[in-house]
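Student: I have a structure open beside its sequence, and I would like to learn how to read charged pairs and packed helices in it. Could we go through some cases together?

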Amino acid sequence: MPVLPQSLLNRLPVVSPGSRSLRRHLLAWLLLPQLVLWLAAALVTHHVAVRYADRAIDHGLYLSSRALARQVKPIDSGLLIDFPRAARDIIESDPDDRVYYMVSSPPGEFILGNHKLTPPADIEALVPERPSFYDARIDTTDGEVTVRVAAIVLSYGEPGRGQRMMVQVAKSRISREALARDLLVDTALPLSLLVLAMSALVWAGVRTGLAPLARLREAVSGRGPDDLAPIELESAPEEVRDLAAAVNTLLAAVRDSVAAQQRFIGDAAHQLRTPLAGLKAQTELALKETTDPALQARLQRVHESATRSAHLINQLMTLARAEPESVAQIGRSRFDLRRLVQELTAELVPRALAEGADLGMDAPESDTEGEEPPALAIDGNALLIREAIANLIDNAIRYAGRHAEITVRVREDSARRRAIVEVDDTGPGIPEALHGAIFERFFRGTQEGRGCGLGLAIVREIVERHHGRVQVARLHPQGTRMSVSLPLPAAMPQERGT
């Protein structure tokens, strides 16, 4: 597979797993200011509502104090109080709140009223006929209550002997708070609906604006690892088109790199196979013609080295064909896995006999006596699957030892919809500590044999390219089981109906 240079990897931004998505980031930056503005507007609205409620309450208290003042008429140096029951009922007729009033003369000496009210802080500074408003606290049967008080001072009496009279009217803050609350609700509710509408428009706008990125993501994520064709977007904003163009440039570079790699592997294999084949032929002829034991031993080592080098080249070529780009070029088809393994096992029996091993296949029993076992069809590249199974059997022949028994088995796991190929041997086995490492490239668990450490790596590469899995297990009392699990194809419509 092509590898990006380290300098490019170092320049790539590091994104932590907890990073927010771009959609959430935009929504947060667009909706948070709206929320802050809404809260600020609510505070301002509350302040305005309280101020206008105070104005309305103060105006009502002023009118009540003037009406009460008209019921007290100065006569000579005295006062005539004309405060009938009907007038008192009018002042105290507020159904939502309790009204307190008091007339005193001079200010502070009670004359008339239903409650003693606290005088203003500076009585002497009050201007006659001009109302003064302030907050006070009074004791009632329900406890201490905060009230709003309107006080007005009136002058009466003969010139030079004038006196002053103070009229106070108070009302608790219940009505003021109710009025402020009503004003706030009447103002904040439309504002809240407007903010919600704006939030919905912002969310729709962000979703619409990021839709091209979602299409680009689907275009990239829906591809296989072997699809390096340029990304095509029918319509997208300029920024997304620039991003797609950058990705297409990278795909083109990767595609050229893969093609160059494939050409190099093919050319190198071709150039190396020819001289190695000639070297093997010449050493074989020299071994037949010479009778010198020392020279024969040297020629034998040269022949083994040439054979091993040729095997390594073949393994490297197989590994290159197992890359996803090569798999796509070779293509896939549906084939009978059981027949493929049977034919392969039969071909490898002479080699196993030459190594002193007993190779056989444990075929399942058919439903009818004399008939062949049912086919086990899978989808994939038959050439590569054959190479993978051949490597498993070859690995068992190489390392199980003489007089070992090697059994190949093909079965179907209907519950998991998998086809299983197992290669068992009665050899010395593989230590469990090496079960994961044996599938790495160029790893050899033993120095015995003529392997190059690529066989099992090729098996894993091919199997994983077919969405399968390869595993190793230890058999008792001794031996090793290598198993390959491949997915079964989805049932065709006519198969599902039968």
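Tutor: Let us begin with E461, which is buried at a relative accessible area of 13%, because the cut-off for buried is under 20%; please keep in mind that this is a predicted model.

Student: With which residue does E461 form a salt bridge?

Tutor: Side chains of opposite charge can pair when their charged atoms come close. Here the partner of E461 is R465, with the closest N and O atoms 3.0 Å apart, and both residues belong to helix α10, four residues apart, or about one turn of the helix. R465 is partly exposed, its relative accessible area being 25%.

Student: Which residues are joined into one network by salt bridges that share partners?

Tutor: That network consists of D362, R409, R411, E422, D424 and R481. Within it, D424 pairs with R409 at 3.2 Å between the closest N and O atoms, and this pair links distant parts of the chain, since D424 sits in strand β12 (residues 418–425) and R409 in strand β11 (residues 405–413), 15 residues apart.

Student: How should I describe the packing of helix α9 and helix α10?

Tutor: Two packed helices are described by the angle between their axes and the distance between the axes. For α9 (residues 382–399) and α10 (residues 455–465), the angle is about 145° and the axes are 9 Å apart, while the crossing is left-handed. The contact includes L384 and I385 of α9 as well as L456 and I458 of α10, and by class it has eight nonpolar, three polar and one charged residues.

Technical notes
Residues numbered from 1 in each chain as written. Predicted model: local features only at pLDDT ≥ 70, side-chain atom pairs only at ≥ 80, totals over all residues. Heavy atoms only, no water. Axes fitted to C-alpha atoms, helices over the stretch in contact; angles between N-to-C directions. Helix = DSSP H or I, 4+ residues; strand = E, 2+ residues; numbered from the N terminus. Left-handed = near helix turned anticlockwise from the far one by under 90°. Contact = heavy atoms within 4.5 Å. Nonpolar A, V, L, I, M, F, W, Y, C, P; charged D, E, K, R; others polar. Salt bridge = Lys/Arg side-chain N within 4 Å of Asp/Glu carboxyl O. Buried < 20%, exposed > 50% of the residue type's maximum accessible area, 1.4 Å probe, protein only.
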